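Let's take a walk through this fold, stopping at a few helix contacts, the cores and some individual residues.

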Amino acid sequence: MSTSESATIDQGPTWRALQSHAEDMRDVHLRELFVEQSGRFACFRRQAAGLMLDLSKQRWRPKTLDLLLNLAREAEVPRAIEGLLAGARVNRSEDRPALHTALRLPADASLVVEGEDLVPGVHRTLSRMATMVEKFHAGQWRGATGHAIRDVVNLGVGGSDLGPLMVTHALADYRPPGVHEINVHFASTMDGSQLADYLSRLNPETTLFVLSSKSFTTIDTLSNARTARDWLLSRLENAERELAVDVDRDLVMRQHFIGVSASPEKMSEWGIAEANQLEFWEWVGGRYSLWGAIGLPIALVVGMAGFRELLAGAHAMDRHFREAPLEDNLPVLLALAGIWNVNFLDIRAHSILPYDGRLEYFASYLEQLEMESNGKSVTHDGQVTSYSTCPVLWGQLGPNAQHAFYQLLHQGTQAVECDFIAPLRRYDDIPDEATRAHLIDQHRLTLANCFAQSRVLMLGDDAIDEPGERPSHKRYRGNQPSTTLLLDRLTPRTLGALIALYEHKVFVQATIWDINPFDQWGVELGKQIAGETERILASHQGLDAMDDSSRGLIESLWRAEDTKDS
């Protein structure tokens, strides 16, 4: 660890000014802020890339935002943004760029990093993806027995699972018409429970597996992959006998497996045909990777035209992030709201609440994006931070959460920042008039709940027009800060912009906190210790080096295994 004595951000004049200002604001209720400032919504609303951001329900004044913008300038956020997008080595602990934004550059762009233009390689991979997708959608990708592939199972974990899972679910309405339909499934759990369920239902003759792993050493993914390979080989051997066709191992591997990795040699060693390998670059972090070949399952669902629209929406947000002044920059403002809540109002919990069932997995996706990126406590030069960084992030679909944990939000003892996310329009393209009217009414009801919940969180009892004194168990304190994000519609383009918005928010916060959002050494440590423990479990050697609790747990497993064997 470095012994550098450089000052951290909390030692600067702006941080101290914000601490003093926070004391003045601590007992100010949101209802007062709306009374004292007419036109507050217009003051704290911003729009870009098909999104509208309402920050008026944050517990701040214009002065607060001015101070936070000064903090961003003191942390050199504009310079950091330029460095990120230009290919500077912003991932300092691993000494490499973080260039997920390059994956969504248009084909006529150019991004030269250390003497190489990255754009041609990115679009070569997109072209290979397009060829594969077209073959699937034409019903021409056939299994070893000659039947067209109908089911694709993505085997990945973390960023190789959460991003594609979230987007394919969100954009299922955008399946291209008139193509051979591919059903996409996801298996990530190491215990094999998800995969076992699929293998009990799917037809091996029409099933293909996508192995997605940046390093191609992830034990979770490779364990599932081995199970899938053995299942295919054993089942297809039976099909060979029944159908009198030749099915050898090489044919099964060639027709039923695709690999996505930054390690082509490991894919080849595992048996994946070179023609079925898609490139993943070291300068793309796993949780930022859905924009490239890791997004193959997305393209299988929405088609390459839809996938390119997703990229275009993200690129539109990238351009806004680079070009908009800080005071109008959506990712910067969203980040500053979080900084204010975490570091100055001491709000350490953040709930993501989408009001659209298609965004069911969005909170899970952001949990990894934010907590794996900014769950750090050491600055770039090795100093332990004396201030909080990433809050605990959690959430689920808002209409369901209203019947689950909103009780805590409204009347609990914990302060929680909330993000409400919803599309303004839905169902207006349904052909049948009666069905369309009914569904639009349902969507209007959903939005009514979304707007009402943020209002009650803000105002508390003042939101309720009810005569007489309310008993204490029916009182709402309000004053819970929230942000509302509205999309005109949920489309591939607006979803791309929404995801990129949160990616850039994470980067701005990391810049201010002076931490690296692009490594995950805590995750790596867990993998290392798990590997060591697995070797002890298998060999029955090395137990003496373990702590008392771990020894007891391991011995409990061994006793259970001995009982089963006897």
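What follows covers helix packing, then the nonpolar cores, then a handful of single residues.

Keep in mind throughout that this is a predicted model.

**Two partners of α12**

Two packed helices are described by the angle between their axes and the distance between the axes. Helix α12, residues 296-323, packs against helix α7, residues 162-170, at about 80 degrees, and their axes lie 10 Å apart. Angles of 65 to 115 degrees count as roughly perpendicular, so α7 and α12 fall in that class. On the α7 side, P164, V167 and T168 make the contact, and they meet P297, I298, V301 and L310 of α12. Sorted by class, that contact of α7 with α12 has 6 nonpolar residues, 1 polar residue and no charged ones.

Helix α5 (residues 77-86) is another partner: its axis and that of α12 come within 9 Å and cross at roughly 140 degrees. Here I81, E82, L84, L85 and A86 of α5 touch D318, F321 and R322 of α12. The class count for α5 with α12 is 5 nonpolar, no polar and 3 charged residues.

**The cores**

In soluble globular proteins, nonpolar side chains tend to be buried together. In this model the largest nonpolar core has 126 residues, and F307, F362, L495 and Y502 are the ones with the most contacts inside it. Take F362: leaving aside neighbours within four places in sequence, F362 is in contact with M166, I352, P354, I421, L498, I499 and Y502. There is also a second, separate core of 26 residues, which includes F209, A228, L232 and M267.

**T207, in strand β7**

Is T207 buried or exposed? Its relative accessibility is 0%, and buried means under 20%, so T207 counts as buried. T207 sits in strand β7, which spans residues 207-212. Its side chain reaches the backbone oxygen of N203 at 2.6 Å. Setting aside neighbours within four places in sequence, the contacts of T207 are I149, D151, V153, L202, W231, L232 and H256. One of these, L232, also belongs to the second core.

**Two positive phi values**

Most residues other than glycine have a negative phi, and most peptide bonds are trans. A49 and F216 both have a positive phi without being glycine. Here they are side by side:

| Residue | Phi | Loop | Relative accessibility |
|---|---|---|---|
| A49 | near 55 degrees | between β1 (45-48) and β2 (51-54) | 29%, partly exposed |
| F216 | near 60 degrees | between β7 and α9 (219-243) | 4%, buried |

So A49 is partly exposed at 29%, whereas F216 counts as buried at 4%.

**P106, in the loop after α5**

Where is P106 placed? P106 is in the loop between α5 and β3, the latter covering residues 112-113. With a relative accessible area of 31%, P106 is partly exposed. P106 and P120 are 14 residues apart in sequence, and their C-alpha atoms are 9.9 Å apart in space. Not counting residues up to four places away in sequence, P106 touches V119, H123 and H315. H315 lies within the 296-323 range of α12, which brings us back to the helix that α7 and α5 pack against.

Note on methods
Residues are numbered from 1 along each chain as its sequence is written. This is a predicted model: local features need pLDDT of at least 70, side-chain atom pairs count only at pLDDT 80 or more; totals for chains, interfaces and linings use all residues. Side-chain values use heavy atoms; hydrogens and water are left out. Axes are lines fitted to C-alpha atoms, for helices over the stretch in contact, and angles run from 0 to 180 degrees between N-to-C directions. Helices (H or I, at least four residues) and strands (E, at least two) are DSSP runs, numbered from the N terminus. Angles under 35 degrees count as roughly parallel, over 145 as roughly antiparallel, 65 to 115 as roughly perpendicular and the rest as oblique. Contact means heavy atoms within 4.5 Å. Ala, Val, Leu, Ile, Met, Phe, Trp, Tyr, Cys and Pro count as nonpolar, Asp, Glu, Lys and Arg as charged, and the others, Gly among them, as polar. Buried means under 20% relative accessible area, exposed over 50%, partly exposed in between (1.4 Å probe, protein chains only). A polar contact is a pair of N or O atoms within 3.5 Å; within protein, one must be able to donate a hydrogen and the other to accept it, and residues adjacent in sequence count only if both atoms are side-chain atoms. A nonpolar core is a set of buried Ala, Val, Leu, Ile, Met, Phe, Trp, Tyr and Cys residues joined through side-chain atoms within 4.5 Å.
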